[in-house]
Amino acid sequence: MRQRTIGDGRVSRPVSEICLGTMYFGYHTDEATSFAILDRFAEAGGTFLDTANCYGQWHGDAGESERVIGRWLRSRGLAGRMVIATKVGARTTVPGDPDARHWQGLGAAAIRADAETSLRNLGVDRLDLLYAHIDDRATPLEETLVALVALAEAGTVGLLGASNTATWRIERARAVARAAGHPGYSCVQQRYTYLEPLLNPGQLDTITEELLDYACAEDLALFAYSPQLGGAYARADRPLPAAYAHPGSHARLAVLGKVAGELGATPGQVVLAWLLAKSRPAIIPVPGAGSVAQLDEILAATELTLDAETTTRLDQAGRSVDA
């Protein structure tokens, strides 16, 4: 698998071009299957894993994904050889009730305490990438940044990132850090796929044209979660999420299907290849897999090459349809 480098001018890390999402490890995906998926990913050259301190709380205990990864790292002797991204901010403070009203937020005490918990869960000495998971408007931005920067400057955290956050808030946070001479957010993870959603007012979890433009200008690393729409590209019985169910999507799906047929690939593989082909800005997909077979389909996308004509067809599909 090809490698890329992410960094902030202070810290840099080589990572695989695919970052494996592990949200369901430990509950939807049992531990034995999770280990098999991780083994196959590492065998294929994958070095980059994505988790969060809240994963697991909807069906069990928060942090279960981190703990599964930690047990796998120890059992395989791979601690320090995989790049691990985790997130802080959306863990429930009321065990058993993951409603957003109870999320911990991005206060300094929560960030410090949960960074230590994530280190223990993962069994590592440093968190390679720590995201502020969900923007917390109730906490002063300066408080959040001081806590994150302290972890980065102490070496507890490598790179800092933001997820599910408005572009203007990302810029403001980076400006505050820049003015103080501190490391700021260098990585942004949002929802992104080939189909283009109709966004609701206040929806802040998606890579938009504005964020793409900002990332180009600022040399930010972008990460695309849910690139395969939870299996909607692969399964006829799984409808498109409401935001994607509009005429422009139907036109894009038609072209996507034609390209997949021409290449002897699945639509989901073409979606990942389309994301991997982007260079301005470059995007790292963060797909999840519930089985080794699903992971193998994902890995095969890294071997697809889209020529310029095919990429243009995919880019332009549906653009003339009034959504």
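Accessible areas here come from the Shrake-Rupley method with a 1.4 Å probe. With that in mind, colour the whole chain by surface: about 13800 Å² is exposed, and carbon and sulfur atoms supply 51% of that area. Keep in mind as you go round that this is a predicted model.

**The whole chain**

Switch to cartoon and you should find ten helices and ten strands. The radius of gyration is 19 Å, close to the 20 Å that the globule rule gives for 323 residues, so the chain is as compact as a globular protein of that length. Turn the C-alpha trace along its principal axes and the spans come out at about 50 × 45 × 40 Å. Of the 323 residues, 52% count as buried. Now show contacts between residues at least 6 apart in sequence: 74% of them join residues at least 24 apart.

Next, pick out the charges. There are 30 positive and 38 negative ones, and their mean positions sit 1 Å apart.

**Stop one: helix α2**

Select residues 64–76. This is α2, with 13 residues, and it reaches 18 Å from its first C-alpha to its last, close to the 18 Å expected at 1.5 Å a residue. Show side chains for its buried residues, among them Val68, Ile69, Trp72 and Leu73. Glu64 and Glu66 are on the buried list too, along with Ser65 and Gly70. What do the buried residues of α2 pack against? Bring up α1 (31–43), β4 (48–50), β5 (83–88) and α3 (108–122), and you have the partners. Then step off the end of the helix to glycine 77, which follows α2 and has a positive phi, near 65°.

**Stop two: two positive phi values outside glycine**

Go to asparagine 164, in the loop between β7 (157–163) and α5 (167–179). Its phi is near 55°, a positive value in a residue other than glycine. Buried or exposed, this asparagine 164? Asparagine 164 is buried, with a relative accessible area of 13%.

Now jump to serine 226, in the loop between β9 (221–225) and α7 (247–263). Serine 226 also isn't a glycine, yet has a positive phi of about 55°. At 28% relative accessibility, serine 226 counts as partly exposed.

**Last stop: a cis peptide**

Finish by selecting arginine 280 and proline 281. The peptide bond from arginine 280 to proline 281 is cis, with omega near -5°. To get your bearings, proline 281 lies in the loop between α8 (267–276) and β10 (283–286).

Notes:
Residues are numbered from 1 along each chain as its sequence is written. This is a predicted model: local features need pLDDT of at least 70, side-chain atom pairs count only at pLDDT 80 or more; totals for chains, interfaces and linings use all residues. Side-chain values use heavy atoms; hydrogens and water are left out. Helices (H or I, at least four residues) and strands (E, at least two) are DSSP runs, numbered from the N terminus. The radius of gyration is taken over C-alpha atoms; the globule rule is 2.2 Å times the number of residues to the power 0.38. Buried means under 20% relative accessible area, exposed over 50%, partly exposed in between (1.4 Å probe, protein chains only). Contact means heavy atoms within 4.5 Å. Lys and Arg count as positive and Asp and Glu as negative; His and the chain ends are not counted. The place of a charge is taken as NZ of Lys, CZ of Arg, CG of Asp or CD of Glu. The expected span of a helix is 1.5 Å times one less than its number of residues.
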